[in-house]
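These are my notebook entries on one protein chain. I set out to look up its salt bridges, its core and its empty spaces.

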Amino acid sequence: MDVAQLQSGVNDRFEAALHAIAARADAAERDPQGLETEVALLAKAGILAACLPANYGGEGLATSPEASVSLFDVLRRIGQANLSLGRLFEGHVNAVKLVSLYGGATALEEMSRVVSEGGLLGVWGANGRKPLRYVAARGTYRLSGEKIFASGLGLVRLAVVTMHASETPDTPPQLALIEVTEKRRQDASHWDATGMKATMSGRFDFSDMCISDAHCLGEPGIYEREPHFEGGVWRYCAVHLGGVEALLLLWRDMLLSRGRFNDSFQLSRYARAVSLARAMASLLKETASKLPPDSVTDAYLIEKFVTAALLARQFSEEVCLEVLALAEKSLGTSAFRPGPLERIRRDLSLYVRQAVPDEKLERAGRALAKMEGAPSW
C-alpha cells in the first residue's frame, strides 16, 4: 500500500485496525451500535485525524492534492475490510475537505477539535418530504426540515449539510457545519435496504435548531464548485474497488475449497474478473494522481479532470456489475447464502448506484462533445 505520506506509526496502527475491522464485518451488520467499534479503531489508528490539514494537526490526507494517491490507497483498503465503513470514511474525507476549503476560523477550529477527539464527520445532502430550510436574522439561522439517507446516524458528530433559504428555496444551497448528536432527532427506522445495512442511514430532524453565521461555509452555490464536487467521485469508486478485491479473494477461496479451479469455464470467468479489477485500479489511481492543485483556476483543465473522473466512475460501475455477475454465475446458490461474500455482493450492488449515475455520464458526454481534437488524458 502506498501511504508513504503517512507517518510510519499511523501505518502500523492502520494495518492492525484493518485486520480487526475485516474480522468483524459480518457481526457489525447485526450490532445495534453499528460501526461504533470500527470508527473508534480508525480514530485510534490516527486515520480520522490524518485527514485534517497540516496546520490543524493532521497530515492533509483529505485536503492536499499531493496526498491523493495515498488517500486512494486508504479508501481502497478500508473498502476491502468493510464497504459500509468505507462509505462513512469517504463522507468524513469529503466533509473535512469542504470545511477546509470554505469554512471560517470558527468552523475550522470546531472541526479540528472534534476530529482530534476521535469524532467522525459526514456530508448529508438528500432532502426528504420536508427539505432543510433556514430563516436568517441578525447572524442567526433558524432551521426547519430534515435530511434523509443521512449515513452514520449516532456516529457522525458534525455534518456538512445543504440548506435553502425559506424565502428563496429555488436558489443555490448554502453549506453549513452542524452538530448532529441529539438522539431524539435521529430516526434510522426507515432504512430497510438489503445492502449497506451497517451504515445506519436514516432521517435527521433539524426543526427549531439554531446556528450562527460562523457555521456557514462559503457563499450559496459553492457546494457544486469543481473540481471538488463531481471531480471527487473517484474517492467512493476507490472504496468500491476495495469491495471488488475482497470479493475476488473470497471467490477464489471458495472455488479452491471445492476443487473447481480445474474447470476451464471457472478459470476463464475468474481471470476475466481479475483483469477488470486491475484495469479499474489502474484507472482510478491515475485519476487520483491527476487531481489539480487548489491553485489551478483554468476552467479547461478543471473540466478535463472532472470529465476524466466521471468516465472513471462509469467504468468502475460497469466493472463492479460484471464482476458481481461473473461471481454469481460461478458460485451459483453459494453467492446468495449468508456469509462474507453474500454481504459484499449486497453492499456493492447498492453502493455502485450512488447519486444519479445517468446524469454523470450525460455530463461527461457533453464535455467530450465540446473538446477540440482527441482528448489527451
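**Entry 1: salt bridges**

I began with E362, which is partly exposed at a relative accessible area of 48%. The model is predicted, and I read each value below with that in mind. E362 forms a salt bridge with R366, and I noted 3.3 Å between the closest N and O atoms. R366 also counts as partly exposed, at 46% relative accessibility. Both residues belong to helix α12, where they sit four residues apart, so about one helical turn separates them. I recorded in addition that salt bridges with shared partners join R24, D31 and E38 into one network.

How many salt bridges does the structure hold? I found 25.

I next looked up R343, which forms a salt bridge with D26; their closest N and O atoms are 2.5 Å apart. This pair links distant parts of the chain, since R343 lies in helix α11 and D26 in helix α2 (residues 25–30), 317 residues apart. Is R343 buried or exposed? R343 is buried, with a relative accessible area of 7%. Its partner D26 is partly exposed, at 24%; the cut-off for buried is under 20%.

A further pair is E317 and R313, again with the closest N and O atoms 2.5 Å apart. Both residues lie in helix α10 (residues 299–331), four residues apart, which is about one turn of the helix. E317 is buried, with a relative accessible area of 9%. R313 is buried as well, at 2%.

**Entry 2: the nonpolar core**

I then turned to the largest nonpolar core, which has 112 residues. The residues with the most contacts inside this core are F89, W124, L143, M163, F206 and W251. Which helix gives the most to the core? I found helix α8 (residues 233–257), which gives 14 residues.

I took W124 for a closer look and set aside residues up to four places away in sequence. Among the residues that W124 touches are K147, A150, S151, L153, V156 and A159. The list of contacts for W124 also includes V160, V161, T162, V180, F204 and F206.

**Entry 3: the largest pocket**

I looked up the largest pocket and noted about 1100 Å³ of space in it. It is lined by 38 residues, of which R87, G125, Y223, Q354 and A355 are the closest to its centre. By class, the lining of this pocket divides into 19 nonpolar, eleven polar and eight charged residues.

Which elements supply at least two residues each to this lining? I listed α6 (83–102), β1 (120–124), β4 (146–150), α8, α11 (340–351) and α12 (357–370). Of these, α6 gives the most to the lining, with six residues.

**Entry 4: closed cavities**

I searched next for cavities of 30 Å³ or more, and the structure holds two.

The largest cavity contains about 100 Å³ of space. It has 15 lining residues, and A62, K97, W234, R235 and L291 lie nearest its centre. The elements that give two or more residues to this lining are α5 (68–81) and α8. I sorted the lining of the largest cavity by class into seven nonpolar, six polar and two charged residues.

The second largest cavity contains about 40 Å³ of space. Which residues line this second cavity? I wrote down A25, E29, N82, S84, K197, A198, R343 and D347. Here α2 and α11 are the elements that give two or more residues to the lining. The classes in this lining are two nonpolar, two polar and four charged residues. I noted R343 again in this list, having met it in the salt bridge with D26.

**Entry 5: a residue in a loop**

My last item was I222, which lies in the loop between β10 (216–217) and α8. Is I222 buried or exposed? I222 is buried, with a relative accessible area of 5%. Leaving aside neighbours within four places in sequence, I found I222 in contact with Y102, L175 and L217. I also looked up P172, which is 50 residues from I222 along the chain, and the C-alpha atoms of the two are separated by 8.3 Å.

Key. Residues are numbered from 1 along each chain as its sequence is written. This is a predicted model: local features need pLDDT of at least 70, side-chain atom pairs count only at pLDDT 80 or more; totals for chains, interfaces and linings use all residues. Side-chain values use heavy atoms; hydrogens and water are left out. A nonpolar core is a set of buried Ala, Val, Leu, Ile, Met, Phe, Trp, Tyr and Cys residues joined through side-chain atoms within 4.5 Å. Buried means under 20% relative accessible area, exposed over 50%, partly exposed in between (1.4 Å probe, protein chains only). Contact means heavy atoms within 4.5 Å. On a 1 Å grid over the protein atoms alone, a cavity is a set of points where a 1.4 Å probe fits but cannot get out, and a pocket is an open set with protein on both sides within 12 Å along at least five of seven lines; lining residues have an atom within 4 Å of a point. Grid points are joined across faces, edges and corners, and a volume is the space filled by probe spheres set on the points. Ala, Val, Leu, Ile, Met, Phe, Trp, Tyr, Cys and Pro count as nonpolar, Asp, Glu, Lys and Arg as charged, and the others, Gly among them, as polar. A salt bridge is a side-chain nitrogen of Lys or Arg within 4 Å of a carboxyl oxygen of Asp or Glu.
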